[in-house]
Amino acid sequence: MSRNIDMRRAPISIFGRRAFRLAVLVLAAVSGGSAFGEPPASADKPAVLIVVGAPGEEEFGKRFSQWAKLWQQAAERGGVKVVTIGLEKTKESTDRERLIQALADEPKEGPGEFVAGAHRHGTFDGKEAKFNLTGPDLTATELAEGLKPFSPSLAVIDTAAASAPFLSKLSASNRVIITATRSGHEQNYARFGQYLSEAIVDPAADLDKDGQTSLLEAFLTAARRTAEFYQVDGRLATEHALLDDNGDGFGTPADWFRGVRAVKRARDGAAVDGVRAHQFHLVRSDAEKELPPAVRVRRDELELEIAGLRKRKAS
């Protein structure tokens, strides 16, 4: 799923093994604006869906809950709707049923939803990746189907190990996808989720100093802190996060960026990622809040057009 590997063709298998998964599913744009065009009346009311899966061990359960709470606090600061699945156990329905129902209940038009998917274990058998929920699991294919009715402007974040196969399944135009790994082979416990949950409202992660932290900036900061952990600890890195926001089904690693702009290009000349993700903000600055939804939508359109012109600059 990196620019050099087509994950849809690469042989990946972790048969019989359990990968540590943290999921961050984002349903509804945190930036405002529908799939471009005049937004409906509810277009400026994003939502965050946090999904916490089966922890397996108590130690992981505590970490997953802590990271999920950081997302909850960030969403509350941003004044957006929060739906959390997996922290409170109930016998009335399974977490899988609650997740499917949560998707069904959300408006299908308007801004994307921050699928701030939470933390869980998961598996990938070489063909299908799964969310390991408490009770029946949910496959990447089923999640992709559940997201089809939504307007394209949404973000899906999977901070789990072996999460890369979700990228090609969920990738779509105007949709942001983030995974903690670049391959299904990277199946060790992933720390990226911790750093991402901390970075999403960290002023230090505001790389362009505009008073707000975008999803791109949080991704870049979390990836850098993850790499620093392995370097300082003297370990071989077993996770390499990817971001896709141009709908091509391939991810771009954080080390392709300088500041908030990608400075490297794929060998096949594919479009670079990052522009759309930089338009997603969970906690908006005062200046951003003052923009009417329709103006914000038009601003985002123009920024994407400028990025396209910059790519064709040489010709």
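What percentage of the 315 residues of the chain count as buried? In this predicted model, in which residues are numbered from 1 along each chain as its sequence is written, local features need pLDDT of at least 70 and side-chain atom pairs count only at pLDDT 80 or more, while totals for chains, interfaces and linings use all residues. Side-chain values use heavy atoms, with hydrogens and water left out. On this basis 53% of the 315 residues count as buried, where buried means under 20% relative accessible area, exposed means over 50%, and partly exposed lies in between (1.4 Å probe, protein chains only). The secondary structure comes to eight helices and 14 strands, taken as DSSP runs numbered from the N terminus (helices H or I, at least four residues; strands E, at least two). Among contacts (heavy atoms within 4.5 Å) between residues at least 6 apart in sequence, 74% join residues at least 24 apart.

The largest nonpolar core, a core being a set of buried Ala, Val, Leu, Ile, Met, Phe, Trp, Tyr and Cys residues joined through side-chain atoms within 4.5 Å, contains 46 residues, of which Ile-178, Phe-192, Leu-215, Phe-219 and Leu-282 touch the most other members. Two or more residues of this core come from each of strand 3 (47-51), helix 1 (58-77), strand 9 (155-158), strand 10 (176-179), helix 5 (192-199) and helix 6 (215-232), and helix 6 gives the most, with nine residues. Apart from this core lies another, of 22 residues, including Ala-129, Phe-131, Leu-133 and Ile-177.

Leaving aside residues up to four places away in sequence, Ile-178 touches Val-156, Ile-157, Asp-158, Phe-192, Leu-215, Phe-219, Leu-242 and Leu-243. Phe-192, placed in helix 5, is buried, with a relative accessible area of 1%. With the same sequence neighbours left out, the residues touched by Phe-192 include Thr-159, Ile-178, Phe-219, Ala-222, Thr-226 and Glu-239. Ala-180 is also touched by Phe-192; these two residues are twelve apart in sequence and 5.9 Å apart in space, C-alpha to C-alpha.

Strand 7 (residues 129-132) and strand 8 (residues 138-139) run antiparallel and are joined by two bridges, strands being taken as paired if DSSP finds at least two bridges between them. Phe-131 has Leu-138 of strand 8 as its bridge partner. Five residues lie between the strands of this hairpin, in which Gly-135 takes a positive phi near 100 degrees.

Positive phi values also occur at residues that are not glycine, among them Asn-174, at about 70 degrees, and Lys-209, at about 55 degrees. Asn-174 lies in the loop between helix 4 (165-170) and strand 10 and is buried, with a relative accessible area of 10%, whereas Lys-209, found in the loop between helix 5 and helix 6, counts as exposed at 63% relative accessibility.

The largest pocket has a volume of about 750 Å³. On a 1 Å grid over the protein atoms alone, a pocket is an open set of points where a 1.4 Å probe fits, with protein on both sides within 12 Å along at least five of seven lines, and lining residues have an atom within 4 Å of a point; grid points are joined across faces, edges and corners, and the volume is the space filled by probe spheres set on the points. Of its 31 lining residues, Val-275, Arg-276, Glu-303, Leu-304 and Ala-307 are the closest to the centre. Strand 14 (261-262) and helix 8 (293-311) are the elements that give two or more residues to the lining, and helix 8 gives the most, with nine.
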